[in-house]
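Here's a quick walk through one protein chain, from its overall layout down to a few side chains. Have the viewer open as you read.

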Amino acid sequence: MGSGCTVPPRTTADGKPCFLVGGGQGYLSRVADDMERVQLGMALELLGHADDVLADYGATAAQLRYLSARMAESLRDVHRVAVSRGARMADPVLEPQPE
């Protein structure tokens, strides 16, 4: 995390952002970074599972709904990580720059 940066790495049970303020070197920052690594790793594992389920033409509607729900959860986590990491950048690139 950048110095004095406030980013929402997690949300409360009712969906409101939780904020961690600090210089990025403390215990809670390391825990948040570890959590992000776990979430990104789980997203990668889920992609492999999705490939397997989608390749199985016998997959049931219930299996596909379950997979879709897990993928939506994972995408929310990955988006949260991306936003958090983007907020930590000194000069985040939000739009392509003209050449």
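What follows goes from the whole chain to the core and then to some charged side chains.

## The overall layout

First things first: this is a predicted model. The protein chain has two helices and two strands, and reading from the N terminus the order is β-β-α-α. Helix α1 covers residues 27–55, and helix α2 covers residues 61–88.

How much of the chain is buried? Of the 99 residues, 22% are buried. The accessible surface adds up to about 7,300 Å², and carbon and sulfur atoms hold 61% of that. As for contacts with a separation of 6 or more, 40% are between residues 24 or more positions apart.

## The nonpolar core

Which residues form the largest nonpolar core? That core has five members: Leu46, Ala50, Val53, Ala59 and Leu67. Helix α1 is the top contributor, supplying three residues.

## A closer look at Val53

Val53 is a handy place to start exploring, and it belongs to helix α1. Is Val53 buried or exposed, and why? Its relative accessibility is 13%, so Val53 counts as buried, because the cut-off for buried is under 20%.

If you skip residues up to four places away in sequence, Val53 touches Ala59, Leu64 and Leu67. Take Leu64: it sits 11 residues from Val53 along the chain, with 7.6 Å between the two C-alpha atoms. Now flip the view to Ala59, again ignoring neighbours within four places in sequence: Ala59 is in contact with Val53 and Leu64. Val53 and Ala59 are both on the list of core residues.

## Arginines in the picture

Next up is Arg80, which you'll find in helix α2. Buried or exposed? With a relative accessibility of 15%, Arg80 counts as buried, since that value is under 20%. What does its side chain pair up with? The side chains of Arg80 and Asp77 are joined by a polar contact of 2.9 Å.

Arg70 has an aromatic partner instead: its charged end sits over the ring of Tyr66, at 4.5 Å from the ring centre.

## Aromatic pairs

And ring-on-ring pairs? In general, you'd describe two aromatic rings by the distance of their centres and the angle of their planes. Here, though, the count of aromatic pairs comes to zero. For a ring in a noted arrangement, go back to Tyr66, with the charged end of Arg70 over it.

Terms used: Residues numbered from 1 in each chain as written. Predicted model: local features only at pLDDT ≥ 70, side-chain atom pairs only at ≥ 80, totals over all residues. Heavy atoms only, no water. Phe/Tyr/Trp six-rings, centres within 6.5 Å; stacked < 30°, edge-to-face > 60°. Lys NZ or Arg CZ within 6 Å of the ring centre and 35° of its normal. Helix = DSSP H or I, 4+ residues; strand = E, 2+ residues; numbered from the N terminus. Buried < 20%, exposed > 50% of the residue type's maximum accessible area, 1.4 Å probe, protein only. Polar contact = N/O pair within 3.5 Å; in protein donor to acceptor, adjacent residues only side chain to side chain. Core = buried A, V, L, I, M, F, W, Y, C linked by side-chain atoms within 4.5 Å. Contact = heavy atoms within 4.5 Å. Areas by Shrake-Rupley, 256 points an atom, 1.4 Å probe, with all protein chains shown as cover.
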